[in-house]
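I opened the model today to look at how its N-terminal helices are put together. The entries below follow the order in which I looked things up.

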Amino acid sequence: MTTAERVLYLLKSRGPQSAQQIADILEITSMGARRQLESWQEKGMVSYQDVAEKIGRPSRLWQLSAAGHARFPDRHGDLTVQIIHQVRTLFGEAGLDKLITARELETETQYVAVLAKAKSVKAKVQALADLRKLEGYMAQMEVQADGSLHLIEDHCPICAAAQSCQQFCRSELALFQRVLIYSRASQIRRQPALKLVLRYATSGCHIAHLIIGNLADAKILRFRMGKVET
């Protein structure tokens, strides 16, 4: 295993570390550790976060990105697909629908509690993006020239499940529609027409457009789902 590979393995096995901690564990110089980390950062495999200390300068902790984690074998996707297959076999499509609905309702409760604090639709979409980012979707909000809001997701952590059962995708889109409508009526009326586009940019999973002409109407005007064109 090369020094570069050992750095990644260390972050995987021990979690966020400073360059000095990595240098001490691997018995290399702190400069050497920083060079390895910066090299991996350029490749999108690691990221860092500056953590404030009680005394002195903030401490920079390095951690694996989603791409970095993906370098290590992970059978969660295979297990999820197997579970979906078994649920279908034992309980039929109706049983699978109940499972997805239960997941949707639990997630909705969590999202509504957070989005209720936002004062505008833009703030709500940003809050939704922040929540999705914490869940591993690498989400961000982009404001377009026409004023529409795009929710971009560069990774789908449930891609294996979604490819096996597209109800997961439709469930999430229906969830987004509902949680974004939880606004005060007066706020909704002042909002311009909203076009929310959910796009899986790089995962190779699915691309979907959820376009709401007016949030007060609570209607999906156009819905399309299909494979991402590469």
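**Entry 1: Ser18**

I started with Ser18 and listed its contacts: leaving out residues up to four places away in sequence, Ser18 touches Arg60 and Leu61. I am working with a predicted model. Ser18 sits in the loop between α1 and α2. Is Ser18 buried or exposed? I find a relative accessible area of 13%, and Ser18 is buried. The cut-off for buried is under 20% relative accessible area, so the 13% of Ser18 qualifies.

**Entry 2: the chain as a whole**

I stepped back to get the totals. The protein chain has nine helices and seven strands. It holds 230 residues, and buried residues make up 36% of them. I noted an accessible surface of about 13,600 Å², with 53% of that belonging to carbon and sulfur atoms. Of the contacts with a separation of 6 or more, 49% are between residues 24 or more positions apart.

**Entry 3: helix α2**

I went on to α2, which covers residues 19-26. Which residues of α2 are buried? I get Ala19, Ile22, Ala23 and Leu26. They cover an arc of only 100 degrees around the axis, which puts them on the same side of α2. The general rule is that an α-helix has 3.6 residues a turn, so residues three or four places apart point the same way. I then checked what this buried set of α2 packs against, and found α1 (3-14), α3 (30-42) and β2 (59-64).

**Entry 4: Glu27**

I looked at what follows α2. Just after the helix, Glu27 takes a positive phi of about 60 degrees. I noted this because Glu27 is not a glycine. Glu27 is in the loop between α2 and α3. With a relative accessible area of 71%, Glu27 is exposed.

**Entry 5: α1 against α2**

How do the axes of α1 and α2 cross, and within what distance do they come? I read a crossing of roughly 110 degrees, with the axes coming within 11 Å. That makes α1 roughly perpendicular to α2. The cut-off I applied is 65 to 115 degrees for roughly perpendicular. From α1, the residues that meet α2 are Arg6, Val7, Leu10, Leu11 and Arg14. On the α2 side I listed Ile22, Ile25 and Leu26. I sorted the residues of the contact of α1 with α2 and got six nonpolar, no polar and two charged.

**Entry 6: Leu10**

I picked Leu10 from helix α1 for a closer look. Leu10 is buried, with a relative accessible area of 4%. Beyond four places in sequence, Leu10 touches Gly15, Ile22, Ile25 and Leu26. I also took the C-alpha distance from Leu10 to Gln63, which is 9.6 Å for a pair 53 residues apart along the chain.

**Entry 7: α1 against α3**

I repeated the axis check for α1 and α3. These axes come within 10 Å and cross at roughly 80 degrees. α1 and α3 are therefore roughly perpendicular to each other. On the α1 side, the contact is made by Thr3, Ala4, Glu5, Val7, Leu8 and Leu11. α3 contributes Gln36, Leu37 and Trp40. I divided the residues of the contact of α1 with α3 into six nonpolar, two polar and one charged.

**Entry 8: Val7**

Val7 of helix α1 appears in the α2 contact and in the α3 contact, and I looked it up separately. What is the relative accessibility of Val7? I get 0%, and Val7 counts as buried. Setting aside neighbours within four places in sequence, Val7 is in contact with Ile22, Leu26, Gln36, Leu37 and Trp40. Ile22 and Leu26 are among the buried residues of α2. From Val7 to Trp40, I noted 9.3 Å C-alpha to C-alpha for a pair 33 residues apart in sequence.

**Entry 9: Ala123**

My last lookup was Ala123, in helix α6 (residues 121-134). At 29% relative accessibility, Ala123 counts as partly exposed. The C-alpha atoms of Ala123 and Met141 are 9.9 Å apart, with the two positions 18 residues apart along the chain as a separation.

Methods: Residues numbered from 1 in each chain as written. Predicted model: local features only at pLDDT ≥ 70, side-chain atom pairs only at ≥ 80, totals over all residues. Heavy atoms only, no water. Buried < 20%, exposed > 50% of the residue type's maximum accessible area, 1.4 Å probe, protein only. Helix = DSSP H or I, 4+ residues; strand = E, 2+ residues; numbered from the N terminus. Arc of directions from axis to C-beta. Contact = heavy atoms within 4.5 Å. Areas by Shrake-Rupley, 256 points an atom, 1.4 Å probe, with all protein chains shown as cover. Axes fitted to C-alpha atoms, helices over the stretch in contact; angles between N-to-C directions. Parallel < 35°, antiparallel > 145°, perpendicular 65-115°, else oblique. Nonpolar A, V, L, I, M, F, W, Y, C, P; charged D, E, K, R; others polar.
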